[in-house]
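Reader: I've just opened this one and I'm a bit lost. Could you walk me through it and tell me how you get to each statement?

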Amino acid sequence: MALTIGIDIGKALVVIIFLQAAFGYLTLIERKLLGRFQLRPGPNRAGPFGVLQPLADGVKLLFKEEIIPAGVDRFVFIIAPMLSLLGALMAFAVIPFGAPVTMFGRVVPLQVAGPGLSLLYVFAVASLGVYGIVLGGWASQNKYGLLGGLRASAQIISYELAMGMSVIGVLIAAGSANLNQIVGAQAKEWFVFPQIVGFIVYFICAIAETNRAPFDLPEAEQELVAGYHTEYTGMKFAMFFMAEYINMITVSALATTLFLGGWHGPAFLPSYLWFLIKVAVFLFVFVWLRATLPRIRYDRLMAFGWKVLLPVALLNAIGTAAWVALVHP
Amino acid sequence: MANLIAILAAALCLVMGVVVISARNPMHGVIALVANFLGLGVLFLLLHGEFVALIEVIVYAGAVMVLFLFVVTLLMAGTEPPKEGAGKNLPGQLLWAIVVIGALTALIGFVLAVRTVLTQPPPSTQAFGSITDFGRSLLTTYMLPFELTALVLLAAVIGVVFLARERS
Amino acid sequence: MTLPTVDFLLVSAVLFAIGALGVVIRKNPLVMFMAIELMWNAVNLTLVAFARQFLAIAGHIFVFVVVVVAAAEVAIGLIVIVLVFRNRSEADVDSLNTMKG
């Protein structure tokens, strides 16, 4: 009993610390890559090749003055970034990041928790992440923040629908809403091949859900200064920043789990390394898209979500259901 | 352990319910209501309603309350919370409040009175409430209500689009 | 030892009472609407509690239907509130008396 609880707490701590570290180095890798895309070196002053840059940024943000603007709703202003980060961290709890290992004479699954409907759990937690953004934008009492928050709520609700629809194909093909069983069902063939339509819709929605370019309307610098976090400074700003990057990691990990076979891979590398490599590929694509594509207009964003992605995802779900019912035994 | 969690979740629900109706700023009401739904979700989980708990969180906390948040943000942008006219119409309001409180106290009293009937422990519930059960009965026995909910949603979509159209 | 059904019913009854009280004593339409949601969910808790007591999955189906209907109701209700209060500074249902004879 005590050992089980100890192992669970240990796993949760490892995942949280790993996500924090991954966040720091993801920002560095993103800046390096963006630099290379734009034919400049990127950050290279702090340590060799700039490897200490995340540390320097972290220390700087910790010691910045925390400014709470006059006339804001203090309670909402302070909890908004916390909610944002909480949602980002909680979603990762159910993602299996490796094959079960044997530790202290017992089999330990490499995931923090594995409830029966773990896929729905991810969507439930992800749907709560929007509160941080909207509340932060509202509490700032600033028109840019407010516009960013409103844009975020409309965008995230719209794309959540298409995202939910796009994974229904995977649910039908695997016959389960449990992420472990979905990974198990992909031991022979990854779902990315039969579910290519669902995969494309999922990935586009994932970019919109995490407010990344070319769908970064809620924080569009040229029109909204910084959108919902215009008034935030110091650690509170850092928490919003962290939430965005950890969300990126989570949607990439979920894409890996649902479509790329999770931790499955040839046996010459351990399973968690395969998982890491696949997630890293997705993160590289996120940065690549940011460096390549211009931001799209707001009305086109909404029209694209409702008139293209949602019908395509629905057709994919219906097609998969028909295939399973008629062709597949 | 499970009982302790249930009691904490129920307490959260009740406290947040009071905050919803007493908060002067509707934004605080929205936050309290979301917390209330999360507490209810925990209670549903403990009552073997895994799927309904997740529906509660995804649909209510994740979508319906975001709509509320959207409207509160839109209507209350940058203003002080609206003053509610406390003075006018007070006697009638007070009367109604007394009537409602009386009726509901009677209801709670009734629940307490029949307490003995329902205090026998619930039957063994290990296999109850799985998503497989739920889905099977939803698509066989309860097919008609399921189809009708689709009709309700369609009517709501048409109604909202009609009401929100641009008037020239 | 799991909690008996009656305890959940009690929580549900108190929640419903809080919601009903909210509808009666508040005048802000948004808060009244939220109090109505509170009442819906108090009823949902009753349904799930009885579903466990009698091992009847129909209780869960009922919750599903309630959630769908509530979602539709919120969409319609909120657009009406937005349309009514778009050009008014105050949000008070008692001031909506233009149809009074």
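Author: Sure. Let's begin with a word we'll need: a helix here is a DSSP run of H or I with at least four residues, and a strand is a run of E with at least two. Keep in mind too that this is a predicted model.

Reader: What does chain B have in the way of helices and strands?

Author: Going by those runs, chain B has seven helices and zero strands. Read from the N terminus, its elements go α-α-α-α-α-α-α. Chain C is built from three helices and zero strands, and its order is α-α-α.

Reader: How much of chain B and of chain C counts as buried?

Author: A residue needs 20 or more other C-beta atoms within 10 Å of its own to be buried. In chain B, 33% of the 168 residues pass that test. In chain C, 53% of the 101 residues do.

Reader: What share of the contacts in chain B joins residues 24 or more positions apart?

Author: If you take the contacts in chain B with a separation of 6 or more, 53% are between residues 24 or more positions apart. For chain C, with contacts between residues at least 6 apart, 48% join residues at least 24 apart.

Reader: How do you know which residues of chain B and chain C are in contact?

Author: The test is whether two C-beta atoms lie within 7 Å. By that test, 71 residues from chain B and 63 residues from chain C take part. Helices 1 to 7 of chain B each give two or more residues to this side, and helix 3 of chain B has the largest share, 14 residues. Sorted by class, the side of chain B has 52 nonpolar, 15 polar and four charged residues.

Reader: And how many residues of chain B are in contact with chain A?

Author: There, 17 residues of chain B meet 20 residues of chain A. Helix 2 (26-46) and helix 3 (50-75) of chain B are the elements that give two or more residues to the chain B side. Helix 3 of chain B gives the most, with twelve residues. The chain B side splits into 13 nonpolar, three polar and one charged.

Reader: Let's go to chain A. What makes helix 6 of chain A roughly antiparallel to helix 9 of chain A?

Author: Their axes cross at roughly 155 degrees and come within 9 Å. Angles over 145 count as roughly antiparallel, so helix 6 of chain A earns that label against helix 9 of chain A. The crossing of these two helices is left-handed. Among the residues that meet are Tyr159(A) and Met163(A) from helix 6, and Tyr202(A) and Cys205(A) from helix 9. This contact has nine nonpolar, three polar and two charged residues.

Reader: Why are helix 3 of chain A and helix 5 of chain A called roughly antiparallel?

Author: Run the same kind of check. The axes of helix 3 (residues 74-91) and helix 5 (residues 130-139) of chain A cross at roughly 160 degrees and come within 7 Å. The cut-off is over 145, so roughly antiparallel is the right name for helix 3 and helix 5 of chain A. Helix 3 of chain A passes helix 5 of chain A in a left-handed crossing. Phe77(A) and Leu83(A) of helix 3 are among the residues that meet helix 5, whose own contributors include Ile133(A) and Leu135(A). By class, the contact has nine nonpolar, four polar and no charged residues.

Reader: Why is helix 5 of chain A called largely enclosed?

Author: Ten of its ten residues are buried, so the rest of the structure largely encloses helix 5 of chain A. Trp138(A) is one of those buried residues. The cover includes helix 3, helix 4 (118-128), helix 6 and helix 11 (234-259) of chain A, along with helix 2 and helix 3 of chain B. Just after helix 5 of chain A, Gln141(A) has a positive phi of about 55 degrees.

Reader: Last one: which residues touch the most other members of the largest nonpolar core?

Author: That core has 175 residues, and Cys205(A), Leu43(B), Leu54(B) and Met65(B) touch the most other members. Leaving out residues up to four places away in sequence, Met65(B) touches Val30(B), Leu33(B), Val34(B) and Tyr60(B).

Notes. Residues are numbered from 1 along each chain as its sequence is written. Chains are lettered from A and ligands numbered from 1 in the order in which they are written. This is a predicted model: local features need pLDDT of at least 70, side-chain atom pairs count only at pLDDT 80 or more; totals for chains, interfaces and linings use all residues. Ala, Val, Leu, Ile, Met, Phe, Trp, Tyr, Cys and Pro count as nonpolar, Asp, Glu, Lys and Arg as charged, and the others, Gly among them, as polar. A residue is buried if 20 or more other C-beta atoms lie within 10 Å of its own, exposed if 12 or fewer, and partly exposed in between; C-beta atoms are placed from the backbone. Axes are lines fitted to C-alpha atoms, for helices over the stretch in contact, and angles run from 0 to 180 degrees between N-to-C directions. Angles under 35 degrees count as roughly parallel, over 145 as roughly antiparallel, 65 to 115 as roughly perpendicular and the rest as oblique. A crossing is left-handed if the near helix is turned anticlockwise from the far one by less than a right angle, and right-handed if clockwise. A nonpolar core is a set of buried Ala, Val, Leu, Ile, Met, Phe, Trp, Tyr and Cys residues joined through C-beta atoms within 7 Å.
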